[in-house]
Amino acid sequence: MENMIYILFICMVAPLMLSLPLIKKSSRGIMIFILIGISTALFVSEVNGVFLRTLDDDFLLVTTTVTPVTEEIVKALPVLLYAFVFTDEREHLLTASFAVGIGFALFENTYILTQTAVNVTIEWALIRGFSTALMHGICTAAVGFGMSFVKKKKKLFYCGTISLLLLAITYHGIFNMLVQSESLKYFGFFLPAVTYIPLVIGMVMNYRRMRSKNAKQ
Amino acid sequence: MKLYLTANIIGFVCSLFGFIYGGIYYFRPRKATYAQMIALALGCNAFGRLFYIVRLLTTGFITGSVQLGFFGIAGSFMFFFSSNFGTLDSLLDDRSKTFRKYRLIALAAPAVFILMYVLLFLTADIRMMWKILGGVLTFFTVLSTYFNLKHLIFPDVDLGVVKCLRPYNFLVLIYAVSVYTECFALSRDDAVLTLVCCIITGLISAAMMPFIVRGLKKWRT
């Protein structure tokens with residue numbers, strides 16, 4: 001079906017936008033960033049389409065070399081704007097960037113689902129749901145972390161953000177390559193979880209340590 | 001293919017060791033951002049190597065087209081640059097005339113890499129892709145090595161930290177030469193030289209974090 005991606009975009013974005021005034025202020029921010037993530041996914045799909053045509057429809061080359069670069073850069077732009085204009089608080093930036101990544105993955109997954117609806121299984125849904133969404137969230141959050149230095153340490157912001165962007169691009173490239181290979185695809189499915197779980201454990205441990213320190217004081 | 005695979009596995013394991021070691025040691029609140037950046041540099045290198053490993057296992061080649069793993073390895077220099085330029089340099093160098101000679105001498109490192117780029121990549125009879133990749137790598141190494149050489153020769157005036165970090169800065173300079181030589185070897189499809197460079201880079205990557213830990217401990221005591 002022609003214009004499927006736009007139809008899907010409208011179907012997803014319209015109800016979410018209509019719900020915005022009714023949502024609590026604290027949750028509204030996250031919802032806005034999910035919407036931004038969905039919009040960036042639509043934009044990136046057009047950019048990737050141009051690259052795919054330019055590179056003679058070499059799907060493997062484009063998905064393992066070009067799309068990680070375009071996707072990570074475009075996902076980082078709204079977070080960069082947010083860091084510059086609104087706040088450079090790390091907690092806010094991490095939440096915002098993770099929401100952008102999740103919104104992006106949400107739209108990407110739904111679009112792929114419509115394109116391959118005949119072949120999809122519960123296994124596919126579990127894999128796409130957990131691994132791809134997590135991967136997009138982690139990559140954008142990593143870049144968002146670097147942006148938290150935007151006002152505090154300007155020097156570190158410029159070089160740190162570029163460095164983290166390069167790290168995210170490489171990570172994204174590894175993931176795309178793993179999930180497309182026949183023999184190694186299961187490593188790809190678990191890669192985001194292997195990254196995410198130690199991060200969460202580390203954050204919880206830090207939080208507990210800080211809390212017990214504050215309680216002692 | 002086997003030599004390339006072995007080379008990158010060595011590089012990956014050593015960098016991962018450095019990354020995990022640094023991660024456990026420094027990724028806590030109020031720990032030195034300087035060391036965190038170095039740990040991330042090793043992580044970036046590890047991911048770059050992992051990309052190459054996966055590429056070799058899936059398609060069997062890494063020298064035919066542009067690989068994102070290359071940007072992972074080049075990205076490690078950006079982190080080394082961030083650690084020195086973003087956190088330490090402004091504390092050491094007040095831009096006064098006293099330190100001008102150190103700033104000028106430090107330019108020798110970027111000059112060497114630019115010269116190497118002209119001789120080994122720009123004027124050589126190789127594919128355009130490698131000339132561009134060589135240029136990208138030169139850009140990142142130039143940024144990083146300037147500060148590494150500067151902090152290697154810089155006088156320890158107030159803080160005392162420069163002296164403690166000298167071994168680390170020296171290691172990064174060797175790391176830069178080794179990675180640069182590896183890029184040269186890849187552009188010529190020389191698997192043996194790639195393996196040698198990966199072993200050197202790997203050993204340095206594994207040694208870097210213990211040197212940082214020791215250096216920063218020594219400085220505090």
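**Two helical chains and their contact**

Student: Among contacts in chain A between residues at least 6 apart in sequence, what share join residues at least 24 apart?
Tutor: The share is 71%. Two residues are in contact here if their C-beta atoms, placed from the backbone, lie within 7 Å.

Student: What kind of model is this, and how do the numbers work?
Tutor: This is a predicted model, in which local features need pLDDT of at least 70 and side-chain atom pairs count only at pLDDT 80 or more, while totals for chains, interfaces and linings use all residues. Residues are numbered from 1 along each chain as its sequence is written, and chains are lettered from A and ligands numbered from 1 in the order in which they are written.

Student: How many helices and strands does chain A have?
Tutor: Chain A has seven helices and zero strands. Helices (H or I, at least four residues) and strands (E, at least two) are DSSP runs, numbered from the N terminus.

Student: How does the radius of gyration of chain A agree with that of a compact globule?
Tutor: Chain A has 18 Å, which agrees with the value near 17 Å for a compact globule with 217 residues. The radius is taken over C-alpha atoms, and the globule rule is 2.2 Å times the number of residues to the power 0.38. Along the principal axes, the C-alpha atoms of chain A fill a box of roughly 60 × 45 × 35 Å.

Student: And how much of chain A is buried?
Tutor: Buried residues make up 37% of its 217 residues. A residue is buried if 20 or more other C-beta atoms lie within 10 Å of its own, exposed if 12 or fewer, and partly exposed in between; the C-beta atoms are placed from the backbone.

Student: At what angle do helix H5 and helix H7 of chain A pack?
Tutor: H5(A), residues 122-147, and H7(A), residues 185-216, pack at about 50°, with their axes 8 Å apart. Axes are lines fitted to C-alpha atoms, for helices over the stretch in contact, and angles run from 0 to 180 degrees between N-to-C directions. That angle makes H5(A) oblique to H7(A); under 35 degrees counts as roughly parallel, over 145 as roughly antiparallel, 65 to 115 as roughly perpendicular and the rest as oblique.

Student: Which residues in H5(A) meet H7(A)?
Tutor: Among them are A:Phe130 and A:Leu134, and the H7(A) residues that they and their neighbours meet include A:Phe189 and A:Tyr196. The residues of this contact divide into nine nonpolar, three polar and no charged. Ala, Val, Leu, Ile, Met, Phe, Trp, Tyr, Cys and Pro count as nonpolar, Asp, Glu, Lys and Arg as charged, and the others, Gly among them, as polar.

Student: Moving to chain B, how many helices are there?
Tutor: Chain B has eight helices and zero strands. Of its 221 residues, 49% count as buried.

Student: How many residues does each chain give to the contact between A and B?
Tutor: Chain B gives 29 residues and chain A gives 24. On the side of chain B, helix H2 (33-58) and helix H3 (68-92) are the elements that give two or more residues. H3(B) gives the most, with 13 residues.

Student: Is B:Ile153 buried, exposed or partly exposed, and why?
Tutor: B:Ile153 is partly exposed, because 14 other C-beta atoms lie within 10 Å. B:Ile153 lies in helix H6 (residues 128-153) of chain B.

Student: What does B:Ile153 touch?
Tutor: Not counting residues up to four places away in sequence, B:Ile153 touches B:Tyr102, B:Ile105 and B:Ala106.
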